[in-house]
Amino acid sequence: MKFFAIFVVIASLGTGGYFLWRNNAAAEPANTNLARPTTAVVESRDIRFVVNAAGDIGPADQVSVRPEVNGRIAELPVDIGDKVPKNSLLCRLDDKDLQIERSQKLTEIDGAKFTLQKTGRSFERSKQLFKERLISLEVYEDTRTEFDLASNALERAESALHIIDQNLTKTKIMAPFDCTVLTRPVSVGQAVSGSAGFNSGTEIITIANLNDMVVMAHINQADVTRLKQGQGVDVQVESVPGLVMPAILDRISPQAVIKNGIKGFATRVTIKEIDPRVRPGMTAIVAIPIASAENVLAVPLAAVFTEHGERFVFIKAEEKFEKRTVSIGVSDYSFAEVQKGLQAGEVVSLEQPPDYKTPKPEIAGTPGGFRTRPPSPAGTPVKPATGQAVSKST
């Protein structure tokens, strides 16, 4: 009997708790709806419409250093992160084989000179004898041919020496500009191939000028028509909160491409003053200003309605709302500038009044003309231009 009484008490508490939870859950949406604002006050604001795009930060000048000749790395004085001044040594290849070839070519040149001197003397003697008609034309031409061959051999040997001297200068790779080493995939003693071969050559290091940084961004095709080269932009870096760097819209690609399913144009933004905390590969947000208005009367976008191409709001007058036509200027995703039709301090409705009746659409043949499609229904809010924007209350 005692256990039965305990069971009844527990069941009663559980049932009561369930109905209490159900009533509270049903009441929460009603409280939410009651807390939602239905009106707004016309007030002064700063409105700024900008186009935002994400991109990656990278150096303006980046070079993959590859040798022009085959060889083995003899000296590699730099490492990842090192800052290297212009004309400083980046890498030196072992030149022993080239020095041996050079010595051989010098010997060949000396032999070619001796041969040229010998054939030259024979040719001069044959020329004199041929004038005196003491030798035949065939003998004379043979000596001249030997002299020409000796001259040609000397020229080929000197050309080969010149090529070896050029290759010797290519064993030393110098920094083309003030740079920072980004990667170094090889080590001292490793054999590398030159870029003159079938492949593009072995990459020794990658260098870049980190004093000049750019952002490569993808701009939607709907926004690119509002942009122009040379205009100022702001660059924010996700990895450095609060950092905003001035930049210039340097280049806009003339041809559209599809990236992440969005058709747009590749855009390059050059950063004017680079922060030392910024590194290549960081994600940046580019804010390109399109239009702005300072200290202007503004209302929320939800308060502006469109009907038959006319824009209007509902003004609170005593106990009801009245329709009033307005002229809209700059708008963003939150507020719209009101150029005409409103005054500061007036109250506008964020919803269509229940007693407002939408006019019927005009029909072809009736006074007022005809339409090829029905007009937009009343209550359609103003849609801002594509892009993201920010607004600030004054």
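In this predicted model, Lys-323 lies over the face of Phe-312, at 4.4 Å from the ring centre, and a comparable placement of charge and ring brings the charged end of Arg-45 over the ring of Phe-335, 3.8 Å from its centre.

Rings also pair with one another, and the count comes to six aromatic pairs; two of them are set out below.

| Aromatic pair | Geometry | Centre to centre | Angle between planes |
|---|---|---|---|
| Phe-123 and Tyr-140 | stacked | 5.8 Å | 25 degrees |
| Phe-305 and Phe-314 | edge-to-face | 5.4 Å | 65 degrees |

The pair of Phe-123 and Tyr-140 joins distant parts of the chain, since Phe-123 belongs to helix α2 (residues 96–131) and Tyr-140 to helix α3 (residues 137–169), 17 residues apart. Phe-123 counts as buried because its relative accessibility, 9%, falls under the 20% limit, and Tyr-140 is likewise buried, with a relative accessible area of 13%. Ring pairs link these two residues with Phe-130 and Phe-147 into a cluster. In the edge-to-face pair, Phe-305 is buried at a relative accessible area of 4%, and Phe-314 is buried at 2%.

The largest nonpolar core has 26 residues, and those with the most contacts inside it are Ile-57, Val-215, Val-235, Val-237 and Val-269. Two or more residues of this core come from each of β2 (43–59), β11 (213–220), β12 (232–237), β13 (244–252), β15 (262–271) and β16 (283–300). Leaving aside residues up to four places away in sequence, Val-237 touches Ile-57, Leu-243, Met-245, Val-278, Met-282, Thr-283 and Ala-284. A second, separate core holds 19 residues, including Cys-91, Ile-173, Phe-177 and Val-186.

Technical notes: Residues numbered from 1 in each chain as written. Predicted model: local features only at pLDDT ≥ 70, side-chain atom pairs only at ≥ 80, totals over all residues. Heavy atoms only, no water. Core = buried A, V, L, I, M, F, W, Y, C linked by side-chain atoms within 4.5 Å. Buried < 20%, exposed > 50% of the residue type's maximum accessible area, 1.4 Å probe, protein only. Helix = DSSP H or I, 4+ residues; strand = E, 2+ residues; numbered from the N terminus. Contact = heavy atoms within 4.5 Å. Phe/Tyr/Trp six-rings, centres within 6.5 Å; stacked < 30°, edge-to-face > 60°. Lys NZ or Arg CZ within 6 Å of the ring centre and 35° of its normal.
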